[in-house]
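Please open the model in your viewer and keep the sequence panel beside it. The tour goes from one selection to the next, and each stop says what to look for there.

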Amino acid sequence: MKISIVVSNSLKKDPRVIKQIKAAMAAGHEVQFVGYRDENLDREFLNALGCRCDIVDFGDDYVGQLRSVYKKIRRRLARKERAIRCLCDFRPDVIHANDFDMLGLSYRAAKKCKAGLVYDSHEIFAENIGIAERKWMKRQIIRSERRLVRKVDRMISVSHAAAAYFEEKYAIRPTVITNCPMKNTLPLLDKTSDAFEVVYQGLMVRGRGYEEFVDAARLLPDGIRLKLRGYGSLEPKLRADIEEKHLSEKVVFAPPVEVAQLVQAASASHVGAVLTRPVNLNFKLSVSNKVFEYAAAGLPVLLSDVPEHRYLNKQYGFGVILDEVTPEKIADAILRLYGDKELYARLAENARTMSDEMNWEAESEKLLEIYRSVYQRVEERRK
């Protein structure tokens, strides 16, 4: 089977799509990756993948932000046409479109080369920041997505909450494939710190409770330390807040690590935090990779009260759900885990159980089944 996997980036910073490619290749399929040039483009990384990689690249004028509306439209159209040509040149049996922005061109390419089409929605695209507040754009995306999902062979979603949204919105029930990490092969680190440490790692942006997490340090005793690991637009403000509130003894920044090392790095802490607030529908229905990374590290997790966190915690009982993301609620939950050794041990054991069941090796079997079922449809249509 020939499978084309399409996404609107250059792959290196997209672990979900990397895992798709590796799973398909490990199953013996011939794989093509089609992506767009961006600031993370790494030719050596792509060459080492071992599959055909086509990067749509028109030079520096087609990378980064553009002020001209005309140039933006020209770039979008040119990229789509080049991506379609790359796909048709490979003549795949199945095209896997990652996210809505790749769905339209993937549909056109699938029609041209009579391939099957898988739509993998990583988020509620119409509810994304920058789109949801532009009502005309949101309406257009919903209208287009509703039309196109009726033409795909299979659809994938990253959470049960998002899958329920799509079922209600478009009368299609996606298969849920969570973005779990691979089973960890690196040794977990000893918790050698004298302090009881709570780590929050990931992309530091608004709406994910980072400000409240830092502010909670004011309410914690000296034996507890908070750790931030990652990067993002909110980092300068967080550093300034820590300095202004004299919290540098209680809140520390850890250097970022490669994706493959996130689980090992988290294991040196005692508790993980995922505090995404439901500031929009996209945040409300999503689930962070961090949940599964912390579980793989054997950490109990502080969780914000969003549907997928409730669903997973009901299944496995690995965390403490906060009814509100405030410094006071965060501090109370940390103190509870710090003081109740029996509770801490039970949640840590449940986290390990969750990781044994929810990992990419298990989730990828669902993906490979989708490829097989779509390929069977394609073979029937080609007869």
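A nonpolar core, as the term is used here, is a set of buried Ala, Val, Leu, Ile, Met, Phe, Trp, Tyr and Cys residues joined through side-chain atoms within 4.5 Å. Please bear in mind throughout that this is a predicted model.

**The cores**

Begin by selecting Leu-228 and Leu-302, which touch the most other members of the largest nonpolar core, a set of 55 residues. Then add helix α14, residues 341–357, since this helix gives the most to that core, with six residues. In soluble globular proteins, nonpolar side chains tend to be buried together.

Return to Leu-228 and display its surroundings: apart from neighbours within four places in sequence, Leu-228 is in contact with eleven residues that you can pick out by name, Tyr-200, Met-204, Tyr-210, Phe-213, Val-214, Leu-238, Ile-242, Val-251, Val-252, Phe-253 and Ala-254. A second core, separate from this one, has 39 residues, and among them are Cys-86, Ile-95, Cys-113 and Leu-148.

**The sheet**

Next, colour the six strands that form an open sheet with parallel pairing, following the order β10-β9-β8-β11-β12-β13. At the edges you will find β10 (251–254) and β13 (319–322), each of which has a single partner strand, so one side of each is left without a neighbour in the sheet. On average, and with direction ignored, neighbouring strands of this sheet are turned by 25° against each other.

Zoom in on β8 (residues 196–203) and β9 (residues 224–231), two parallel strands that are joined by eight bridges; one place to look is Gln-201, whose bridge partner in β9 is Arg-229. Then bring in helix α8, residues 235–244, which lies across β9 and β10 and runs at about 145° to β10.

**Helix α12**

Now select α12, residues 307–316, and show the side chains of its buried residues, namely Glu-308, His-309, Leu-312, Asn-313 and Tyr-316. These buried residues cover an arc of only 125° around the axis, which puts them on the same side of α12. What do the buried residues of α12 pack against? Their partners are α6 (160–170), β11 (271–274), α11 (289–296), β12 (301–304), β13 and α14. Just after α12, stop at Gly-317, which takes a positive phi of about 60°.

**Two residues on helices**

Move to Tyr-338, which has its place in helix α13, residues 327–339, and which counts as partly exposed because its relative accessibility is 33%. Leaving out residues up to four places away in sequence, Tyr-338 touches Phe-196, Gly-223 and Ile-224. A distance drawn between the C-alpha atoms of Tyr-338 and His-270 should read 9.2 Å, although the two are 68 residues apart along the chain.

For the other residue, go to Asp-356 in helix α14, which is exposed, with a relative accessible area of 60%. From Asp-356 to Gly-232 the C-alpha to C-alpha separation is 31 Å, with their positions 124 residues apart in sequence.

**The cysteines**

Finish with the cysteines, where a disulfide would need a pair of sulfur atoms within 2.5 Å and where the count comes to zero. Cys-53 is in no disulfide, and the nearest cysteine sulfur, belonging to Cys-51, lies 3.9 Å away; Cys-53 counts as partly exposed at 24% relative accessibility. Cys-113 is likewise in no disulfide, with the sulfur of Cys-88 as the nearest at 4.6 Å, and Cys-113 is buried, having a relative accessible area of 3%.

Methods:
Residues numbered from 1 in each chain as written. Predicted model: local features only at pLDDT ≥ 70, side-chain atom pairs only at ≥ 80, totals over all residues. Heavy atoms only, no water. Buried < 20%, exposed > 50% of the residue type's maximum accessible area, 1.4 Å probe, protein only. Helix = DSSP H or I, 4+ residues; strand = E, 2+ residues; numbered from the N terminus. Contact = heavy atoms within 4.5 Å. Pairing = 2+ DSSP bridges. Axes fitted to C-alpha atoms, helices over the stretch in contact; angles between N-to-C directions. Arc of directions from axis to C-beta.
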